[in-house]
Amino acid sequence: MKITLDPTVTPFNLDYTLQCGQVFRWQKHDEWWYGVVTEKMTKIRQMDNILEFEGANDDFVKKYFRLNDPLPLITSKIGKDDYIKSAIQAFAGLRLIRQDPWECLISYICATFNNIPRIKKMINNLARQFGNKLNFEGHTFYTFPSPKNLANAGLKTLSTCKLGFRAEKVLETAKIIDAKTIRLAELGKLDYENAKKELLKLPGVGDKVADCVLLFSLNKLEAFPVDVWIKKSILKHYVAYFAKSSVHKTLEKKSLTHGEYKRISTFTKEYWGEYAGYAQQYLYHYERSICKTA
DNA sequence: CAAGTGCCTTTATC
DNA sequence: AGATAAAGGCACT
């Protein structure tokens with residue numbers, strides 16, 4: 001199937017969107033991106049303004065890649081200064097993805113104090129151990145394991161997936177989700193604050209992981225996850241908005257206290273408003289790309 | 001209550 | 001080769 005995009009109304013860049021580190025399971029072979037979404041294989045590629053895909057339908061692709069988000073309006077709203085304008089320009093067409101909340105939740109629990117290559121490895125280990133096998137065009141893929149599969153896994157088996165200290169959190173969270181004590185899909189109906197309050201009840205979920213789940217899977221575009229890269233970026237380029245005495249100390253330390261997290265995300269939410277999450281993703285990818293090439 | 005401190009597995013990368 | 005840093009969380013002061 002194909003979708004033809006009008007670049008003035010629906011700018012989109014598939015590579016930026018899948019490579020920027022918001023989602024961990026897509027693989028690129030030649031021109032095509034391969035991914036397992038909603039239990040089945042999908043492959044997709046972009047040629048200029050044509051999006052070609054198999055295994056998923058139009059509605060899914062539009063929803064998953066948020067093609068109905070008014071990106072030109074969003075980027076004009078968040079483009080409040082020269083710095084973020086250059087980030088937006090560098091990765092024009094980068095969009096947030098509407099991930100599956102359950103997979104997103106476990107992915108970002110695994111992302112705790114971790115790096116992207118290893119996050120990918122851990123999630124793939126989980127899928128291989130506890131997911132369903134799919135054969136597709138000579139390659140083997142696995143679905144993301146269900147809450148029940150992880151809840152029944154047992155800590156010992158789970159530990160073979162090399163999750164480290166996160167194994168226990170994944171297991172306990174899986175039990176809660178499997179028991180439907182917290183219904184993930186329902187949280188999207190709550191407002192940002194109340195949805196976050198629920199997420200924070202889950203083991204392994206603090207400020208940052210909760211904001212990732214809210215932004216990347218529960219449609220809360222005002223959520224602004226603050227990780228080590230974003231912390232550096234904000235305190236470097238928006239330092240005027242913070243008390244000078246505290247900035248240096250915050251930059252020195254590896255992890256943020258709740259207070260420091262709150263100070264940064266309060267600023268970003270006031271500065272960028274309802275689409276702060278988009279600003280976060282552009283800044284995050286920009287900061288990392290600068291660091292890699294430096 | 002808020003705020004600060006130290007520890008938590010594992011490994012890619014330098 | 002050995003240290004460092006990695007899309008942080010949490011228990012304890």
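Helices α13 and α14 (residues 244–252) pack at an angle of about 155°, with their axes 10 Å apart. That makes α13 roughly antiparallel to α14, a label given to angles over 145 degrees, while angles under 35 count as roughly parallel, 65 to 115 as roughly perpendicular and the rest as oblique. Axes here are lines fitted to C-alpha atoms, for helices over the stretch in contact, and the angles run from 0 to 180 degrees between N-to-C directions. Helices (H or I, at least four residues) and strands (E, at least two) are DSSP runs, numbered from the N terminus.

This is a predicted model, in which local features need pLDDT of at least 70 and side-chain atom pairs count only at pLDDT 80 or more, whereas totals for chains, interfaces and linings use all residues; side-chain values use heavy atoms, with hydrogens and water left out. Residues are numbered from 1 along each chain as its sequence is written, and chains are lettered from A and ligands numbered from 1 in the order in which they are written.

The crossing of α13 and α14 is left-handed; a crossing has this hand if the near helix is turned anticlockwise from the far one by less than a right angle, and is right-handed if clockwise. Where the two helices touch, Lys231, Lys232 and Leu235 of α13 meet Val247, Thr250 and Leu251 of α14, contact meaning heavy atoms within 4.5 Å. This contact has three nonpolar, one polar and two charged residues. In this classification Ala, Val, Leu, Ile, Met, Phe, Trp, Tyr, Cys and Pro count as nonpolar, Asp, Glu, Lys and Arg as charged, and the others, Gly among them, as polar.

Helix α13 also leads to the DNA. The helices α12 (207–217), α13 (228–237) and α16 (276–293) each supply at least two residues of the surface near DNA strand C. A residue is near a strand if one of its heavy atoms lies within 4 Å of it. In total, 29 residues surround DNA strand C, and the closest are Gly21, Asn114, Gly204, Gly206 and Trp229. Of the atoms of this strand that come within 4 Å of the protein, sugar and phosphate account for 61%. By class, the surface near DNA strand C divides into 13 nonpolar, 10 polar and six charged residues.

Several polar contacts (pairs of N or O atoms within 3.5 Å; within protein, one must be able to donate a hydrogen and the other to accept it, and residues adjacent in sequence count only if both atoms are side-chain atoms) can be located here. A polar backbone atom of Gly21 is 2.7 Å from a base nitrogen of DNA strand C. An N or O atom in the side chain of Tyr108 is 3.5 Å from a base nitrogen of the strand, and a polar side-chain atom of Arg288 lies 3.2 Å from a phosphate oxygen.

Tyr108 belongs to α5, where Pro101, Cys104, Leu105, Tyr108 and Ile109 meet Lys208, Val209, Cys212, Val213, Phe216 and Ser217 of α12. This contact has nine nonpolar residues, one polar and one charged. The axes of α5 and α12 are 9 Å apart, at an angle of about 150°, and that makes the two helices roughly antiparallel. Their crossing is right-handed.

Helix α5 (residues 101–110) has a further partner in helix α9 (residues 166–178): their axes come within 9 Å and cross at roughly 160°. These two helices are therefore roughly antiparallel as well, and α5 passes α9 in a right-handed crossing. On the α9 side, the contact includes Arg166, Lys169 and Val170.

Arg166 in turn leads to the other strand. Among the residues surrounding DNA strand B are Phe113, Arg118, Lys121 and Arg166, and sugar and phosphate make up 54% of the strand's atoms within 4 Å of the protein. Polar side-chain atoms reach base oxygens at 3.0 Å from Arg166 and at 2.9 Å from Arg118, whereas Lys121 lies 3.1 Å from a phosphate oxygen through an N or O atom of its side chain.
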